[in-house]
Amino acid sequence: MRKHFATSCLSAAIIALATVPAMAAGQKLTDWATVFHPQRGFQIAYPSNVFSPSGGAVDADGQVFVSRDGAAKLIVGAFDNEGGATMLDYREQLLSENYAGAEIDFGPIRRTWFIISGTRGGMHFYERVSFTCDGRLINSWALLYPAALRRTYDRVVEAIARTYTPGAGPAGHCDGL
């Protein structure tokens, strides 16, 4: 099963973000920017006064954003479900490969999406995964941040979550996927 862009960055992000300074607790979430992926059709917005695109290469399937204080990483992407994984199988893969040993504190599963949220190694994570186009397209976004800053970054998660629309291909429907 192919590992998608968003979660392939997770382990490195947990290690890299463990020792950085915090976002100011009272910082306002303003100046929103929107990411729209034309081939996959997903859309998500983020507070551009908090995050900016990382200096690394942008993958065709996704993009990484780093908080201006360096404490958090937002990873967004979508990819073809080439192996035909079921949503529950994919969730189990994420739990075993990216979140092994984590304390999961929130994990709803619905018909076409799930969330995995918890803490591992001093880092908190929130990942939303949506299966669209009858499971042929997997969309996800994840926010990783120090557990000590959870009160601050949880409000960022909530704000970003309200802007997320999973993709259904370039024309907004699943034809051709």
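# Exercises on a predicted model

A search of the whole structure finds seven aromatic pairs. The model is a predicted one, in which local features need pLDDT of at least 70 and side-chain atom pairs count only at pLDDT 80 or more, while totals for chains, interfaces and linings use all residues. Residues are numbered from 1 along each chain as its sequence is written, and side-chain values use heavy atoms, with hydrogens and water left out.

## Exercise 1: An aromatic pair

Describe the geometry of the aromatic pair formed by Phe 79 and Tyr 90, and state where each ring lies.

*Solution.*

1. A pair of aromatic rings is described by the distance of the centres and the angle of the planes.
2. Rings of Phe, Tyr and Trp (its six-membered ring) pair if their centres lie within 6.5 Å; planes under 30 degrees apart count as stacked, over 60 as edge-to-face and the rest as tilted.
3. For Phe 79 and Tyr 90 the centres are 6.2 Å apart and the planes make an angle of 55°, and the pair is tilted.
4. Phe 79 belongs to strand E5 (residues 73-80) and Tyr 90 to helix H3 (residues 87-97), so the pair links distant parts of the chain, 11 residues apart. Helices (H or I, at least four residues) and strands (E, at least two) are DSSP runs, numbered from the N terminus.
5. Phe 79 counts as buried because its relative accessibility is 3%, and Tyr 90 is likewise buried, at 1%. Buried means under 20% relative accessible area, exposed over 50%, and partly exposed in between (1.4 Å probe, protein chains only).
6. Ring pairs join Phe 79, Tyr 90 and Phe 131 into a cluster.

## Exercise 2: Salt bridges

Characterise the salt bridge between Arg 150 and Asp 105, and then treat two further salt bridges, Glu 92 with Arg 91 and Arg 136 with Asp 134.

*Solution.*

1. Side chains of opposite charge can pair when their charged atoms come close. The criterion is a side-chain nitrogen of Lys or Arg within 4 Å of a carboxyl oxygen of Asp or Glu.
2. The whole structure contains five salt bridges by this search.
3. Between Arg 150 and Asp 105 the N to O distance is 2.7 Å. Arg 150 lies in helix H4 and Asp 105 in strand E6, so the pair ties together parts that are 45 residues apart in sequence.
4. Both partners are partly exposed: Arg 150 at 29% relative accessibility and Asp 105 at 38%.
5. A network of salt bridges links Asp 105, Arg 150 and Asp 154.
6. Glu 92 and Arg 91 meet at 3.8 Å, N to O. Glu 92 is partly exposed at 45% relative accessibility, whereas Arg 91 is buried at 12%.
7. In the salt bridge of Arg 136 with Asp 134, the closest N and O atoms are 4.0 Å apart. Arg 136 is partly exposed at 34%, and Asp 134 is exposed at 76%.

## Exercise 3: Helix H4

Compare the span of helix H4 (residues 150-161) with the expected value, and explain how its buried residues are arranged.

*Solution.*

1. The expected span of a helix is 1.5 Å times one less than its number of residues.
2. For the 12 residues of H4 the expected span is 16 Å; the end C-alpha atoms are 16 Å apart, which agrees.
3. The buried residues of H4 are Thr 152, Tyr 153, Val 156, Val 157, Ala 159 and Ile 160.
4. Viewed down the axis of H4, these residues fall within an arc of 165° (taken from the directions from the helix axis to the C-beta atoms), so they line one face of the helix.
5. An α-helix has 3.6 residues a turn, so residues three or four places apart point the same way.

## Exercise 4: Two loop residues

Which elements flank the loops that hold Ile 109 and Arg 40, and what does each residue touch?

*Solution.*

1. Ile 109 lies between strand E6 (103-106) and strand E7 (113-120). At 37% relative accessibility, Ile 109 is partly exposed.
2. Contact means heavy atoms within 4.5 Å. Not counting residues up to four places away in sequence, Ile 109 touches Met 87, Leu 88, Arg 91 and Phe 114.
3. The C-alpha atoms of Ile 109 and Met 87 are separated by 9.3 Å, the two residues being 22 residues apart along the chain.
4. Arg 40 lies between strand E1 (32-36) and strand E2 (43-47) and is buried at 11% relative accessibility.
5. With the sequence exclusion of up to four places, the residues that Arg 40 touches include Asp 61, Phe 79, Leu 137 and Gly 169.
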